[in-house]
Amino acid sequence: MRGLACLLMFQTHCYDSWLSPSLRQSKFFMYSQLGGTFPAPLFLFLAGISFALVTEKLRTKNLPPAQIARATIRRGAEIFAFGLLFRFQEYVIAWGWAPLSDLLRVDILNTIGLSMMLMGVLCWMVLAIKREEQARTALVLASAGTALLISLLTPLLWTTWRPVWLPWPLQSYIDGVHNLGTPQAWLFPIFPWSAFAFAGLSAGFILQSPGARQREAATFFAMGGTGLLLIAVSRFFDAQPRQLYAVYDYWHTSPNFFLIRVGMLLLILTASYAWCRWGAGQWGFSPLIQLGQASLLVYWVHIEFVYGRASILPKHACSIPTASIGLLVIFLAMLGLAFLRTRLKGHGADALSWFRSPVRAN
């Protein structure tokens with residue numbers, strides 16, 4: 001799934017950077033950018049699942065809740081710090097034309113790191129008050145409830161409840177306002193994006209339950225069925241003549257759009273399971289699995305070769321075939337980089353070992 005997120009991310013970024021202005025009005029570009037609505041939710045959703053796996057592994061070691069929280073929150077802080085480092089790198093590379101405010105832009109790595117820290121706090125609170133036999137159910141419900149709460153609050157925090165009393169660098173983490181005065185749909189504030197991480201956290205704890213382990217296939221297909229149900233519920237509420245919010249922005253802040261995307265994430269999860277258990281995922285080398293094992297590294301590197309000064313094609317000047325060839329080059333180059341990264345041995349590989357997953361147990 002993480003490799004699929006990388007592939008969708010590549011095509012979105014490549015066509016956005018390279019297609020000529022006239023082609024940016026085409027249906028091809030529209031569908032390309034529609035596919036681009038999936039990478040960020042996928043990365044966040046998978047961060048939540050990984051977080052649940054790590055938390056369960058630490059629980060099996062009988063570690064106290066406070067120690068589990070320290071380990072997981074520290075991982076989130078590391079990802080957040082690397083997000084800040086990434087912004088600094090991009091600013092230095094773009095020296096001379098990038099505004100200083102770019103250093104404080106809320107990007108996807110920042111949100112993944114903050115979401116992990118928030119998930120650590122939630123797990124700490126639940127594990128501190130619930131007994132062992134009740135903890136997993138409480139974690140599932142608390143995670144799902146938090147995801148829904150974030151989604152429901154998002155339209156208000158982008159409009160009537162905007163925290164305008166905060167300095168814009170802090171406010172931007174709430175509503176993505178940056179320094180532009182109004183929320184920006186191209187940024188990744190906590191509201192609504194961290195809701196996908198909490199949805200993944202809930203799914204991850206379900207997958208770790210004894211019942212799910214005993215009935216693995218049935219559990220994954222039940223999640224796919226839940227995804228279909230969420231899509232139907234989302235479409236029903238969206239079709240109602242009256243809406244809950246004074247400002248209804250379906251594509252950016254609506255809880256209905258959040259529900260339909262979570263439903264599609266669950267369908268992708270089920271399809272990925274089937275692909276890996278019965279499909280081509282068992283045939284041998286898998287490009288998507290290879291990319292997924294080094295997703296953060298390829299994310300970090302490909303940006304410069306698509307949007308940066310080292311772009312392999314002229315920006316906003318290419319035809320669809322030319323941009324597609326460039327996309328193929330980027331895909332193969334990042335696949336090769338991921339392959340080398342997973343095959344590296346020695347001190348360099350150890351230093352980069354955290355790239356394999358957003359969160360890992362020690």
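Is Phe-28 buried, partly exposed or exposed? In this predicted model, Phe-28 counts as partly exposed because its relative accessibility is 34%, a value that lies between the 20% limit for buried and the 50% limit for exposed.

**Aromatic pairs**

The structure holds 16 aromatic pairs. One of them joins Tyr-15 and Phe-28 in an edge-to-face arrangement, with 4.9 Å from centre to centre and 85° between the planes. Tyr-15 belongs to helix α1 and Phe-28 to helix α2 (residues 27-35), so this pair ties together parts that are 13 residues apart in sequence. Tyr-15 has a relative accessible area of 7% and is therefore buried, whereas its partner Phe-28 is partly exposed.

A stacked pair is formed by Phe-220 and Tyr-273, whose ring centres are 4.1 Å apart and whose planes make an angle of 5°. Here the link runs between helix α10, which holds Phe-220, and helix α11, which holds Tyr-273, so parts 53 residues apart in sequence are tied together. Phe-220 is buried at 13% relative accessibility, and Tyr-273 is buried at 10%.

The two pairs are set out below.

| Pair | Arrangement | Centre to centre | Angle between planes |
|---|---|---|---|
| Tyr-15 and Phe-28 | edge-to-face | 4.9 Å | 85° |
| Phe-220 and Tyr-273 | stacked | 4.1 Å | 5° |

Elsewhere, Phe-82, Phe-86, Tyr-299 and Trp-300 are linked by ring pairs into a cluster.

**Thr-12 in helix α1**

Helix α1 (residues 2-18) also contains Thr-12. With a relative accessible area of 10%, Thr-12 is buried, because the limit for that class is 20%. The Thr-12 side chain comes to 3.4 Å from the backbone nitrogen of Gly-36. Neighbours within four places in sequence set aside, the contacts of Thr-12 are Ser-32, Gln-33, Gly-35, Gly-36 and Tyr-307.

**A nonpolar surface patch**

Which residues form a nonpolar patch on the surface? They are Met-30, Tyr-31, Leu-34 and Trp-251, and together they have about 460 Å² of accessible area. Trp-251 sits in the loop between α10 (216-238) and α11 (255-278). Its relative accessibility is 52%, so Trp-251 counts as exposed.

The helices flanking that loop also carry the stacked pair, with Phe-220 in α10 and Tyr-273 in α11. Both of these rings belong to buried residues, Phe-220 at 13% and Tyr-273 at 10%, while Trp-251 in the loop is exposed at 52%.

Notes
Residues numbered from 1 in each chain as written. Predicted model: local features only at pLDDT ≥ 70, side-chain atom pairs only at ≥ 80, totals over all residues. Heavy atoms only, no water. Patch = residues over 30% accessible without salt bridge, like charges linked within 9 Å, V, L, I, M, F, W, Y side chains within 5 Å. Areas by Shrake-Rupley, 256 points an atom, 1.4 Å probe, with all protein chains shown as cover. Salt bridge = Lys/Arg side-chain N within 4 Å of Asp/Glu carboxyl O. Helix = DSSP H or I, 4+ residues; strand = E, 2+ residues; numbered from the N terminus. Buried < 20%, exposed > 50% of the residue type's maximum accessible area, 1.4 Å probe, protein only. Polar contact = N/O pair within 3.5 Å; in protein donor to acceptor, adjacent residues only side chain to side chain. Contact = heavy atoms within 4.5 Å. Phe/Tyr/Trp six-rings, centres within 6.5 Å; stacked < 30°, edge-to-face > 60°.
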